[in-house]
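Here is a walk through one protein model, from its overall layout to a few individual residues. Keep the sequence and the 3D view side by side as you read.

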Amino acid sequence: SSKVKRRAGDIWEAKMENVWRPEINDVERISWGKPAKKKGTGSRGVPHRLNQDERFLFDQARKKGFLEMEGSGWRSQRRDAPLLNTYRSLCDARGQ
């Protein structure tokens, strides 16, 4: 298709033209439970607000460039994994 191009050695790479990405500032805002400035960042059905322990791990992941955590990150109060959701949004905003 037109969105994927082929490189040498059968490695595929997605084209980065006209790709919508969240803003890093918006990812930071939704991690604190504040609304994003740009529509489309985050989702009401997907938790992104971090608690104190998750905030520490998220800040370390920003510095290291990868996320380290024990278990699955599942939080029964949220019925999902806010730390994973937020870090995934950060990586998307950075284009990683």
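A residue is buried when its relative accessible area is under 20%, exposed when over 50%, and partly exposed in between, using a 1.4 Å probe on protein chains only. By that rule, 26% of the 96 residues of the protein count as buried. This is a predicted model, in which local features need pLDDT of at least 70 and side-chain atom pairs count only at pLDDT 80 or more, while totals for chains, interfaces and linings use all residues. Residues are numbered from 1 along each chain as its sequence is written, and side-chain values use heavy atoms, with hydrogens and water left out.

Start with the layout. The secondary structure comes to 3 helices and 2 strands. These are DSSP runs numbered from the N terminus: helices are H or I with at least four residues, strands are E with at least two. Along the sequence, the pattern reads β-β-α-α-α. Contact here means heavy atoms within 4.5 Å. Among contacts between residues at least 6 apart in sequence, 46% join residues at least 24 apart.

Next, the core. A nonpolar core is a set of buried Ala, Val, Leu, Ile, Met, Phe, Trp, Tyr and Cys residues joined through side-chain atoms within 4.5 Å. The largest one has 9 residues: V27, L50, F58, A61, L83, Y87, L90, C91 and A93. Helices α2 (52-64) and α3 each supply at least two of them. The biggest share, 5 residues, comes from α3. In soluble globular proteins, nonpolar side chains tend to be buried together. Take A61 as one member: beyond its neighbours within four places in sequence, A61 touches F66, L67 and Y87.

How do α1 and α3 run relative to each other, parallel or antiparallel? Their axes come within 9 Å and cross at roughly 170°. Axes are lines fitted to C-alpha atoms, for helices over the stretch in contact, and angles run from 0 to 180 degrees between N-to-C directions. Angles under 35 degrees count as roughly parallel, over 145 as roughly antiparallel, 65 to 115 as roughly perpendicular, and the rest as oblique. The two helices are therefore roughly antiparallel. At this contact, I24, V27 and S31 in α1 meet T86, S89, L90, A93 and R94 in α3. By class, the contact has 4 nonpolar, 3 polar and 1 charged residues. Nonpolar covers Ala, Val, Leu, Ile, Met, Phe, Trp, Tyr, Cys and Pro; charged covers Asp, Glu, Lys and Arg; the others, Gly among them, are polar.

Now look at T86, in helix α3 (residues 82-94). T86 is buried, at 0% relative accessibility. What lies 2.8 Å from a polar atom of its side chain? One answer is the backbone oxygen of H48. The backbone oxygen of P82 also lies 2.8 Å from a polar atom of that side chain. Apart from neighbours within four places in sequence, T86 contacts V27, S31, H48, L50 and F58.

S89 is in α3 too. At 16% relative accessibility, S89 counts as buried. Sequence neighbours within four places aside, S89 contacts P22, V27 and H48.

That leads to P22, in the loop between β2 (12-14) and α1 (24-31). P22 is buried, with a relative accessible area of 8%. Outside its neighbours within four places in sequence, P22 contacts V27, T41, S89, D92 and A93. The C-alpha atoms of P22 and L90 are separated by 8.1 Å, though the two residues are 68 apart along the chain.

Technical notes. Polar contact = N/O pair within 3.5 Å; in protein donor to acceptor, adjacent residues only side chain to side chain.
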